Structure formats: C-alpha cells, structure tokens
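Please look over the structure below. A short briefing accompanies it, sorted by topic.

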Amino acid sequence: MKRMMLSLAIAMGLSACSKAPSELQGMQLTEANTDFAAHWVREDLLLISPAETASQFNLLVSKNAQLDEGLAPEQSYTLTSVQMPEEVAQAFPHMAGFTALKVDGIGDIKQALKSQLAVSQINQSGDVEKVSYVQSARVLDALFTSGTNDADEVMDYGAVVNGDKTSFALWAPTAKLVTVNLFDADKQPIGTHLMTEDKNGVWRIEVSDAPIGTFYKYALSVYHPRTQKVEKLEVTDPYSMSLARNSLYSQVVDLSHPDTQPEGWGEHAPEHLSYPESLILYETHIRDFSASEKNLSNPDYRGRYLAFTDTQSDGMKHLKALKEAGLNTVHLLPTYDISTVNEDPNQVIFPEDSLEKMCGLVPDLEQCKGDVDLSQSLHTLLKSYDSQSNKAEALLEVIRPYDPFNWGYDPYHYTVPEGSYALNPDGVSRLVEFRQMVQSLHSMGFRVIMDVVYNHTFASGLDEKSVLDKVVPNYYHRLNPLTGVVEKSTCCENSATENRMMAKLMIDSLVVWARDYMIDGFRFDLMGHQPKAEMLEAREAVRAVDPDTYFYGEGWNFGEVANNAQFVQAAQIPLAGTEIGTFTDRLRDAVRGGSSFVSGNDLRFGQGLGSGLITQPNDLQSAEKSEAQLQEYYLSADQVRVGLAGNLANFPLIDATGDAVKGSDIDYGGAPSGYALDPADTINYVSKHDNQTLWDNNQYRTSHEATSDQRVRMHNLALAYPLMAQGIPFLHMGGELLRSKSFLRDSYDYGDWFNAVDFSKQTNNYNVGLPPAVKDEANWAIIKDLIAKNEGRDMVTPAQIEFASKVFMDFIAIRSGSKLFSLPTEADVIERVKFHNTGKNQRVGLIVMSISDGEGTKDLDPNVEEMVVIFNSDLNNHKFAYEGAENFALHPRQAAGADYITAAAKANKDGFSVPGLSAVVFVR
C-alpha cells in the first residue's frame, strides 16, 4: 500500500481540533488507499473498519472538498477509541465488529455535514495507512429525525397550494444553497427564489407567483461523494405530485382540485373488504391489457389507462365475466412514474407503426435496407418471420429502447402516475386518466391493488434520472459498508428504507395513493429488502386513511440484508403472524417443478405435480418410477398440502414417512415449507409476470407424448391449487387463456410481441419466435427440439382457450361461493382442514383435502357441512374410499360446468370417483 505522510500534529493527535497545517498539502489519495468504511452513526460516535496497523484516527473536514486534490482540510479532529455500545451493535449488526470512535469538540455538526468528511487512519510511525470517507446517513437521522417536531414529522414537503400562495419545502440538510426555479406551460423560466434552511434541514419558501399548473425544479449546491466535488445540480422534486412529459419538470398541483378528478370521483367508493383472505388477486399490466385489443372504441386507448373505461372491448368483457364468477381484485403492475418508456409518442415505435417510422428512428437496421415495403407495420413484419428463427427477437432487441413497453420496476418519481399510459402525459391529464381507470374498475366491483417499488430506484449519483441522490447524496440508497458503492442486489440502485427519511418518503407516498387515488392495497416488490418495522408502520399510516387496505409482497431472503444482517427484514419468516402477505415459493415450485433459473436439460428435467412428475415422466425422467423420483414426488405432495393449508407453520399432518409433523417440519431446500401463522400471511400462486408463464413452463417439462387436451387439463389443474388453497390466491392475467410468452423467462422490457394477451381467445401467443438471446439463448436448442418432438401437440385452438377460460371461472366461482376456502384464522384452518391419502401408503397422483363446517365448529357456510377436494394429477381415473361419501354430491358449478369430464365424477358408498387431470369438489 502506498503510504502518505501527515503532519506530526495530526499523527500525534495533539488537540481535539486544530487547523490543518500546510504539511498536509500534497497528500495523494488513490483507490488503493481509500474506502468508505467510516460511519458516523450518532453525534458522538463514529464506527470504522480499521486498517490492520492503524492506532490513531482523525476526522478530516474539508468545506471545499479538497482532500482528493492534495489540499489540506480546513479542520481535523482526534477520534478516541471506545467500547462499542451494546445498543449500537444491536442497531447496526453488520457493523458490530467495527471499531467505535468517540467524536468530540466539533461544534456545529450540521454545518460539518455539508463538507467533505474523511477519517485518516494512522499507524504508530505516524504514517497514514488509509483514508476512509464518511458515510453520514445514520447521523443525519440522529440529528434531524430522532426528536419531536423533526424532519420526519413535517407534512408539507413538495409544492403545497395555500390559497393564492404556494409553499415549497425540500429536505436537503447537506446542501449549501437551494433555489426553486419556476417555469410556465411552455417550460420557459418565469422566476427563481432563494430558499431558506430551517433547523430540520428543510429548505423553504412561500411565493405568490407559482399558481396551480406552474412547473418547477430545484437547484442545489451540494457536496457529492460520487464526484468528490461540490456540485451545482438541478433536480425535480422527490415529492412531485404532477410532472411534465418525460418527467423533466415537477408541477404545482392540488390533488383535491376538480381539474384533477373525473366526474363523480368524490362520490364513488370501492367495495368493502370484510377480511383479507377473501381477496382473489388478478395481476394485470396496463399495457398488456389492451395492447393487442382489436375492439376498442378509440384506438388511441390501446395500452393506456382509458382502455379500462371502454366497456365493450374484449378485455373489459372478459374482466366483467371474471367479476361475475367471483374475482374481486385487480392488481396493477407498477403505474407510478417510470424511467424507461419515452412519453413522446413520436419517439416511440408501436407495433402498429410503419417501418418508415421505425427506420426514421433507427435508420441502420438491416430491415431498412434494400427493396423493403416501408408502409407495412412492424407487427406485420414480425408475423412474416419463421417462428423457429431468432429474427423477431433480434430486431426487437435493437429497437427495444424505442418500444412502449416495460414492466415498470424502474421508479423515477414514486407518487405520480406514469405518463406513457396517458393520452396526454404533460401535467394533470395523466392524473385524471389514472383516476378514470380506478373509478371504472371500482364501478365494476373490483378492488384495485397497486404494485410499488420502494426497494430501489432506477438511477443514483449524477445520472440524468437520479432524483433522491442529488438532493441528499449518499442518504437514500443503501451503500456497501466498506466501499460506499450503492448496493444493487435488487437489480438496480438499492434504496435504504432503514434510513428514516427514505421510510417517510415511502409512507407519505403510500398515503397519497390510498387517500387521493383510492388505491385499495399494495404489493411490494422485493419487500424482504425493507425492514419489517417500517412495513408495519407504513400499514398503520395507510390504515388511518383506508382501514380496508391490504399489504403483501415478495418476502425473498437474499442480498446484503439476507438473514436479518442489517435489520429484521420484511421477509417470509419474520412477517409470520402480521397479516402482511408474502408470496410462497413452496407450493409454486412443487406444482411447476424444478427451478426457473436453470437452463437446457436442467430445465426440462425438473418436473412438478403440474407437469407430469411420476404420473407422466418426460424423456429425461425414468419411466420406472425411480426411488429418487418417488421421494421428489412425496416431498412435493407434502409441500403442496402445506400450501393448501395456508402455508401454516403449525398445521398438523402425516408426512410421507408416516410421521405426525407440522408444516414447519416439511423441508423446502433447508427452510421450512410452512412458515405462516395466519392465512393472510400467504400468497399462493403458480404463475405471475416473473419467469416463464405457466403454459411455457409446462411445455418445457411435459412429456412429448402428452396430447393437446391433456396439456390444457394439466394447465387447468395447476391453477386449481392456489384457487382451492387457504390463504390468498394470486393469478396471472391471461393464465386462464393458456398465456404464452414463447418461452421467454424474463419479459420485463421485451415489447408487445412476446407479452401479448388476446382476450378474443383466438391465440395464446405460443411459438411466435425464439425468445431473446440475452435471456434464453441457452434454451434455444431445447425449444427447437421439444417443438419438433411435440408434433403440434403443444399448439392450442380457440376452442381450447375458451374451455380453459370457462374452467378457470368455475374454479373462481367455487372458491368465492364459500367462506370455507378463505378461512380467516390459523385456528380455523387447523380445526377444519384435513388431508387424506397421506403417509407411506399414499396413492401417487392423488391429493385429498377435506374442509369441515359441521358439528363443533362455527357455521361459516349455511349450505355446506363439509367439502372434499381431490386433485388427480394422474392421467387415469381414480377411486378413493371415504366414509360417508354417499352423502356428497359433485359441486353444482362443476356438475353444470364447462368440463364434461369433471362432470362425470361420482360420489357413492364406495367413495369418490375422480377423472384424470382434474380438480374435483364434492359437497355435503
């Protein structure tokens, strides 16, 4: 390591504070001898990961950010080693092994935090071993949010209209100067106002020249650790409530003003939620819902909010039919302001656009050269390609930056509706159109859930689309404790909701969506990257404006926060008993089989209960039912049973060895299968936007010999598991239509071609071209092979799509028709739900579940004493002996339903007779 000589005064620590002498000049800082391993956690304490030979530490304060230029800091302070306080070690467990240093004699700490800060680590020879730049997020919290009437209790951040005046408030405690710049409707400057900082680090001003509709930006002078310089930055408002097109300017708006609301907005109300287990969630992407729609009254609605108001479209008619069957909740993939779709339609290539437009935007394309019919549409060109070639994906990969599609997990501004879904993205029109969509869904009887992403941002630093990190640099993001680099385990720039003002931003944003946009609940992306305490606090804040709200999300346990490394996570096991739902991968994997993240033969090898495990082995599995296959089946069946029982940790059952165990005793890759303590803790699913669709997953794994009808029945049976399970079912839009993405594993940014949904039920979008090489090239060979060997048995007709849709609606009607499928407590599930055909001698292919409403239990369904649900994943009919079976009858919905094979199921004194590849419900 290159050593650097510091002045003797600092090396010896002659004073707590001294003016740095001229000998410091010439100090050379390089990546080899610097890090960001110093953490100022409270006014009097700093934690550091020390160099091996460091024996003395000095805090260097450079007001003009001159350390890395070889210039002396204005001040230095001797830091004294002290014992790590127990409460600090508990608060920051990932730094419990750091060295604690006492901070003393600084004076105005708030002013010091506006400077470049570093700690010099000095050895006994007086040489600097390392310089550690200071991470200051925790001391900012201590200074500005730990008392009463602090920054986290301010309720008027952003632009707030007060009669004929507008106030602006921005929390920017490390900024040296802040102004608000005003712009007219044409984005021409009309004024600049210098803001004043208060004791809470909030910069404020009230003006009379910024009425509703005025656009604005903040300008800051602030030290930024990313560049090690004092930067002059212009940025939109983290508390933006309205935006210009492409989010270039924030806009002054009053969300209670009639101009922001559709007619009747204030009078309408969503359906009341009696208890969360009654929810049936239908995951919808706004663009997917209507991008392929052929029956819109206005073609401009395609892919936009207003498509949900066009009641005569195929999509809306389908939604209405689902509602009549009993579906009650529409989950919208992210609809806040996202970063990656251009809101100027002239700069976007839509499927219906001509090649002339495409070639004007991307002129170097091969498709733009030679004798080409430029009048044809992009969609027509894609349809002309061989479905077994990669021509479609190759073209779409190049024009991907210009397409109108993204899932939306790339937040830009958290509390403004996305503009690309609006006919007019500039200003309040997007707010009105979003509300029209919500109002229309409410009028149909649906509750509306919004997908939110507070665990990361799209950008940080000085990036064009960075917002938070320009306002308070290195605060809103989770930094590596040693390098200071923004963690990216989520995918992007991880946010730090453990920091108080990031948590406040999340909570304030959620309250706006619930109160002002009537959003009925929230699904949290990668929720396990956020603290449990903040999630519980957020729910209480939302409940104050909407008592019916429901929270759920991805409780995956991974990344730098895994296993509660930095805080108690909002992950699957820690959230047990809170009624904040987490997606369960247990039932999902047992039904789907294997993993979604392997490729090639590894992907095909892993069959599940829904794709032929044991009952119809594929070419990579043994037809002789090997011991390994049987053990995989038995474990999967037990995992499914636990899933059907709401994933409850304490649910009693007999496992495959014949032992009496609990749900938590059933293994799932070293973790417990059952982890929930309340049915509302669990979200059951077999397909969602992530990974291959259920149809594509099954085609990867199903035997080549399976007929087309068998494949449809396997698909329907797989969907029955979450729909007949305790807990809350989660359904992927189009899954009931055998939806395919042509094997694409991750379609987040791959346009309408692969993400198409046809609500006219003419096609399921299967085999429309090899999936993008970036995601699935390793699977191309197996895709070509299985399509060839399937010999068309994986292709479906409109009649089969219609059949699947009707069977799906039968399942929804059965579930929604009885409270026995949505038991509200752990005690209810344990008391009423039982499994039969368990233990060592269980019959392969059958899972048999009974749900009691008889003697000794509170009557939940006056029409039912008991239900028996039998899942037969075998190809053949099976009889199952059951005492008193002659008192049961096939559920009326199935007896008169779409599936004539299931309608032939029988109950008599000998037991139940159940057709192959069926989920059958008997009622007593």
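The points below cover a barrel, a strand with its partners, a helix and a serine.

This is a predicted model, in which local features need pLDDT of at least 70 and side-chain atom pairs count only at pLDDT 80 or more, while totals for chains, interfaces and linings use all residues. Residues are numbered from 1 along each chain as its sequence is written, and side-chain values use heavy atoms, leaving out hydrogens and water. Helices (H or I, at least four residues) and strands (E, at least two) are DSSP runs, numbered from the N terminus.

**Barrel**

- Eight strands close into a barrel, and their pairing is parallel (two strands pair if DSSP finds at least two bridges between them).
- The order is E19-E20-E23-E26-E27-E28-E33-E34.
- From one strand to the next, the twist averages 30 degrees; axes are lines fitted to C-alpha atoms, for helices over the stretch in contact, and angles run from 0 to 180 degrees between N-to-C directions.
- Two bridges pair E27 (residues 550-553) with E28 (residues 581-583) in the parallel sense.
- Opposite Tyr 552 stands Gly 581 in E28.

**Strand E3 and its partners**

- Strand E3 spans residues 34-42.
- It is largely enclosed by the rest of the structure, because eight of its nine residues are buried (under 20% relative accessible area; exposed is over 50%, partly exposed in between; 1.4 Å probe, protein chains only).
- E3 runs parallel to E9 (residues 127-135), joined by four bridges.
- Ala 38 has Val 134 as its bridge partner in E9.
- With E4 (residues 45-48), E3 pairs in the antiparallel sense, again over four bridges.
- Arg 42 is bridged to Leu 45 in E4.
- Two residues separate E3 and E4, which form a hairpin.

**Helix H16**

- H16 covers residues 627-644, 18 residues in total.
- Its first and last C-alpha atoms are 25 Å apart, close to the expected 26 Å (1.5 Å times one less than its number of residues).
- Of the 18 residues, 13 are buried, so H16 is largely enclosed by the rest of the structure.
- Gly 646, just after H16, takes a positive phi of about 75 degrees.

**Ser 167**

- Ser 167 lies in strand E11 (residues 165-171).
- Its relative accessibility is 10%, so Ser 167 counts as buried.
- Beyond four places away in sequence, Ser 167 touches Gly 158, Ala 159, Val 160, Asn 162, Ile 205 and Glu 206 (contact means heavy atoms within 4.5 Å).
- Val 207 is 40 residues from Ser 167 in sequence, yet their C-alpha atoms are 6.3 Å apart.
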